[in-house]
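Please open the model in a viewer and keep a selection tool at hand. The tour below proceeds by selection, with a description of what is found at each stop.

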Amino acid sequence: MSKAATATVPKPVQIGGRTVGAGQPVYVIGEIGINHNGDVDIARRLINIAADAGCQAVKFQKRTPEICVPVEQRGKIRQTPWGEMTYMEYKERVEFGTDEYQQIAKYAADRGIDWFASPWDVPSVEFLEKLDVVTHKVASASVTDHELLRALAATGKPIILSTGMSTLAEIDAAVDILGTDGLVILHSTSTYPLPPEEANLRTIGTLQERYGVPVGYSGHERGLQISLAAVTMGAVMVERHITLDRTMWGSDHAASLEPTGLEHLVRDIRIIGEALGDGQKRVFPGEEEPRARLRRTTA
């Protein structure tokens, strides 16, 4: 009997002390982003939530406001929990510096969880390198920032590339710069919150076939179903925004998971991981008794 062709399995990627790839437990990232609202205590509480739920990592965002904030936006007035201020003042208010990230690094290590960030500019890459993060994440908004990609490639660290709002040509160009050694690609759709009809989860297989690297999923949907379906489609990494409370002030809280939701997500990802198995058809021990009792054999 002929055998079906076996697809090439992408080479796994080592991130810190964990291996990311086919046959490994799904690497789950709690995306804190800017949901700490500039408060280290909130960041610690979110790290606790991620660690308690069984995540492997938490992720932040790192910007240099004078580079990342457009000139025309800097003087615009915003209402914030800290009073009325310009957009530039707000962005500076919520940005962590060296002292805060050193506290975060120590706290994450004490909780046994990795931490890293999405740098949005080259000085932020240099900042994170001084803190010796285990990996760097390319935000979907940065896929076409080739200067940033070259700086990230030069670190020699594993890179996680998110692909929301990107064409295949744009991803091709990014992968040409980053290389495929140590690269994990995340399928993502940058709609907040994500409607099911825009999830397009079959793209997970498209990306794996095209680039030959481990592929995961970064979700912005409400609920758990789409992220769990991504795991059944082969996602080896899942990233979701997390928050203490979806009603908190800030742009990303509404599309984030609260503590119970994150706990259920990780629990169900682990159950799916066990249930998927290895694809080899065989008779399991639990089938032996019903097999002996119910099976009819005819010549």
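## First stop: I67

Select I67 and display its surroundings: setting aside residues up to four places away in sequence, I67 touches D121 and P123. The model is a predicted one. I67 belongs to helix 2, which covers residues 65-68. Next, add M233 to the selection and draw a C-alpha to C-alpha distance; I67 and M233 lie 38 Å apart in space and 166 residues apart in sequence. C68 may be selected at the same time; at a relative accessible area of 24%, C68 is partly exposed.

## The whole chain

Zoom out and colour by secondary structure: the chain has 12 helices and 12 strands. Its radius of gyration is 21 Å, close to the 19 Å that the globule rule gives for 299 residues, so the chain is as compact as a globular protein of that length. Along the principal axes, the C-alpha atoms fill a box of roughly 85 × 40 × 40 Å. Colouring by accessibility shows that buried residues account for 47% of the 299 residues. Of the contacts between residues at least 6 apart in sequence, 66% join residues at least 24 apart.

## Helix 1 and the largest core

Select residues 40-53, which form helix 1. Helix 1 has 14 residues and reaches 20 Å from its first C-alpha to its last, close to the 20 Å expected at 1.5 Å a residue. At the start of this helix, show the side chain of D39: one of its oxygens reaches to within 2.8 Å of the backbone nitrogen of D41. Just after the helix, G54 takes a positive phi of about 100 degrees.

Now restrict the selection to the buried residues of helix 1, which are V40, I42, A43, L46, I47, I49, A50, A51 and A53. They pack against strand 3 (27-33), strand 4 (57-62), helix 5 and helix 11 (259-276).

Which residues have the most contacts inside the largest nonpolar core? Select F60, W115, M237 and L262, which hold that position in a core of 50 residues. Helix 1 gives the most to this core, with 9 residues. Centre on L262 next: beyond its neighbours within four places in sequence, L262 is in contact with I49, A50, A53, C55, I242 and L257. A second, separate core has 28 residues, including V143, I171, I204 and A230.

C55 merits a closer view. Is C55 buried or exposed? Its relative accessible area is 6%, under the 20% limit, so C55 counts as buried. The count of disulfides in the model is 0.

## Helix 10

Move to residues 225-232, helix 10, and select its buried residues: I226, S227, L228, A230 and V231. The elements covering them include helix 9 (203-211), strand 11 (215-219), strand 12 (237-241) and helix 11. Just after helix 10, select G234, which takes a positive phi of about 110 degrees.

## H136 and its surroundings

Select H136 in strand 8, residues 136-138. At 0% relative accessibility, H136 counts as buried. Show its side chain together with that of E129, and a polar contact of 2.8 Å appears between the two. With residues up to four places away in sequence left out, H136 touches A117, P119, V125, L128, E129, L152, T155, K157, P158, I159 and I160.

## S256 in its loop

Select S256, in the loop between strand 12 and helix 11. Although it lies in a loop, S256 is buried, with a relative accessible area of 3%. Which side chain makes a polar contact with the side chain of S256? The partner is N35, at 3.0 Å. Expanding the selection to contacts beyond four places in sequence brings in N35, H241, I242, T243 and R246.

## Last stop: D110

Finish with D110 in helix 5, which spans residues 98-110. Is D110 buried or exposed? Its relative accessibility is 55%, which is over the 50% limit, and D110 therefore counts as exposed. For a final distance, select S251 as well: the C-alpha atoms of D110 and S251 are separated by 29 Å, with their positions 141 residues apart along the chain.

Key: Residues are numbered from 1 along each chain as its sequence is written. This is a predicted model: local features need pLDDT of at least 70, side-chain atom pairs count only at pLDDT 80 or more; totals for chains, interfaces and linings use all residues. Side-chain values use heavy atoms; hydrogens and water are left out. A nonpolar core is a set of buried Ala, Val, Leu, Ile, Met, Phe, Trp, Tyr and Cys residues joined through side-chain atoms within 4.5 Å. Buried means under 20% relative accessible area, exposed over 50%, partly exposed in between (1.4 Å probe, protein chains only). Helices (H or I, at least four residues) and strands (E, at least two) are DSSP runs, numbered from the N terminus. Contact means heavy atoms within 4.5 Å. A disulfide is a pair of cysteine sulfur atoms within 2.5 Å. A polar contact is a pair of N or O atoms within 3.5 Å; within protein, one must be able to donate a hydrogen and the other to accept it, and residues adjacent in sequence count only if both atoms are side-chain atoms. The expected span of a helix is 1.5 Å times one less than its number of residues. The radius of gyration is taken over C-alpha atoms; the globule rule is 2.2 Å times the number of residues to the power 0.38.
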